[in-house]
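Let's take a walk through a protein together, one piece at a time. Have the sequence and the 3D view open, and turn the model as you read.

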Amino acid sequence: MLELASLRLQDYTGVIRRRYWIVLVLALVAALTAYFYSSRQQPVYQAGASVLVTPNVIDYWTMGAVERLLNTYVGHLRTGEVAQRVVDRMELDVSPDTVLGGLRTAIVSNSYIVLIQVESTSPQQAVHAANGFAYELVRLTQSEQSSGPDGDIFVQARVFDEASNAVQIGPRLRFNVAVAFVLGAIAGITLALASEFLDARVRLRREAEQILGVPILACIPPVPK
C-alpha cells in the first residue's frame, strides 16, 4: 500500500481511471437530486422600485442629517404597521409577515436613493408590494423632519423608478444542478482515493518496491486479451 506522501499526480489519475464509476455515479446522483428538488420548488420573482430623498438645502450638516433620516425610514419600513398598510393599500392576498419576509432595502452609497426590492412567488404581488413600500417611504418623509444647526431641515421624496415587472430569480435550476454535479464529483474522487488506500492489493511497481524493500529489475507487461 502506497503512502500518501509518496503519491504522484499520475498515481492519483490512475486511481481515478480505475474507479471512475464511483466518481460518475456520485456526480450523477447529486445532479439528479438537485434537479428533482429544484424543479419542484415554486418560482420566486423579484421586483424593485427606487425612491429619491433629498433635503431642501444641501450642505455639510444636512448630508449627515439626511443619511440618519434614511436609515430611520428604512428601519420603519420593516415594521408590521407599514406592511399592513401596504397589504391593505395594494390589496395583496398575503399576510404582512409574508410581505416583510420578501422585503429587501438598500441605500445607494453617496446618494439619497433608497432601493426597495420585494421577492414573492407571484410576480404581480412582487410588483405591487415594491411600489406599495416605495409610496409608504414617500409618505413617511412627508410626515417627519430633522433639525439641523440652523433650524428645521425638511426633506422631499418621490418615487424615482416604479416597479413595472418582476424577474424570476429562483430556483436556479441549471446552477443548482451544475454545483451539485461538481460537489458529487469531488465526493466521488475522495471516496475513490479512500477506497484505493484501504485496498491491500499491490497494483503498482513502486508499491511492490516499498513493501519488499528491494528494487524490481523487470516486470511482465500486460497480456492483451
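Two residues are in contact when they have heavy atoms within 4.5 Å of each other. Keep that in mind while you look at this model, which is a predicted one. Take the contacts between residues at least 6 apart in sequence: 77% of them join residues at least 24 apart. The protein has 225 residues, and 33% of them are buried. Its secondary structure consists of eight helices and seven strands. On the outside, the accessible surface adds up to about 14200 Å², and carbon and sulfur atoms account for 60% of that.

Now let's go inside. In soluble globular proteins, nonpolar side chains tend to be buried together. Here, the largest nonpolar core contains 35 residues. If you want to find its best-connected members, look for Val51, Leu70, Tyr73, Leu77, Ile116, Phe133 and Leu137, which have the most contacts inside it. Quite a few elements chip in with at least two residues each: strands S1 (44-55), S3 (113-120) and S6 (155-161), along with helices H3 (60-77), H4 (80-90), H5 (96-101) and H6 (123-143). Which helix gives the largest share? That would be H6, with nine residues of this core.

Zoom in on isoleucine 116 for a moment. Leaving out residues up to four places away in sequence, Ile116 touches a whole crowd, including Ala47, Val51, Leu77, Phe133 and Leu137. Arg104 is also one of the residues touched by Ile116, and we'll meet that arginine again below.

Next, find helix H2, which covers residues 20-39. Its 20 residues reach 28 Å from the first C-alpha to the last, close to the 28 Å expected at 1.5 Å a residue. Which residues of H2 are buried? They are Ile22, Val23, Ala27, Ala31, Ala34 and Ser38. Look down the axis of H2 and you'll see its buried residues fall within an arc of 150 degrees, so they line one face of the helix. The face turned away from that buried side carries the exposed residues Trp21 and Leu32. What covers the buried residues of H2 includes helix H7.

Time for some charges. Side chains of opposite charge can pair when their charged atoms come close. A search of the whole structure turns up four salt bridges, and we'll visit some of them. Start with glutamate 81 and arginine 85, whose side chains meet at 3.0 Å, N to O. Why does this pair sit about one helical turn apart? Because glutamate 81 and arginine 85 are four residues apart in helix H4. An α-helix has 3.6 residues a turn, so residues three or four places apart point the same way. Glutamate 81 counts as exposed because its relative accessibility is 52%, and the cut-off for exposed is over 50%. Arginine 85, at 23%, is partly exposed.

You can see a similar arrangement in H6. Glutamate 136 forms a salt bridge with arginine 139, with the closest N and O atoms 3.2 Å apart. These two are three residues apart in helix H6, so about one helical turn separates them. Is glutamate 136 buried or exposed? At 3% relative accessibility, glutamate 136 counts as buried, while arginine 139 is partly exposed at 34%. There's a nice link here too: Glu81, Arg85, Glu136 and Arg139 are joined in a network of salt bridges.

Remember Arg104? The side chains of arginine 104 and glutamate 119 also meet in a salt bridge, at 3.8 Å, N to O. Arginine 104 lies in strand S2 (residues 103-107) and glutamate 119 in strand S3, so this pair ties together parts that are 15 residues apart in sequence. Arginine 104 is partly exposed at 36% relative accessibility, and glutamate 119 is partly exposed too, at 25%.

Finally, a couple of backbone oddities. Most residues other than glycine have a negative phi, and most peptide bonds are trans. Glutamate 91 isn't a glycine, yet it has a positive phi of about 55 degrees. You'll find glutamate 91 in the loop between H4 and H5, and at 71% relative accessibility this residue counts as exposed. Then look at the peptide bond from glycine 170 to proline 171: that bond is cis, with omega near -5 degrees. Proline 171 is in the loop between strand S7 (167-170) and helix H7 (173-198).

Key: Residues numbered from 1 in each chain as written. Predicted model: local features only at pLDDT ≥ 70, side-chain atom pairs only at ≥ 80, totals over all residues. Heavy atoms only, no water. Core = buried A, V, L, I, M, F, W, Y, C linked by side-chain atoms within 4.5 Å. Buried < 20%, exposed > 50% of the residue type's maximum accessible area, 1.4 Å probe, protein only. Areas by Shrake-Rupley, 256 points an atom, 1.4 Å probe, with all protein chains shown as cover. Expected span 1.5 Å × (residues − 1). Arc of directions from axis to C-beta.
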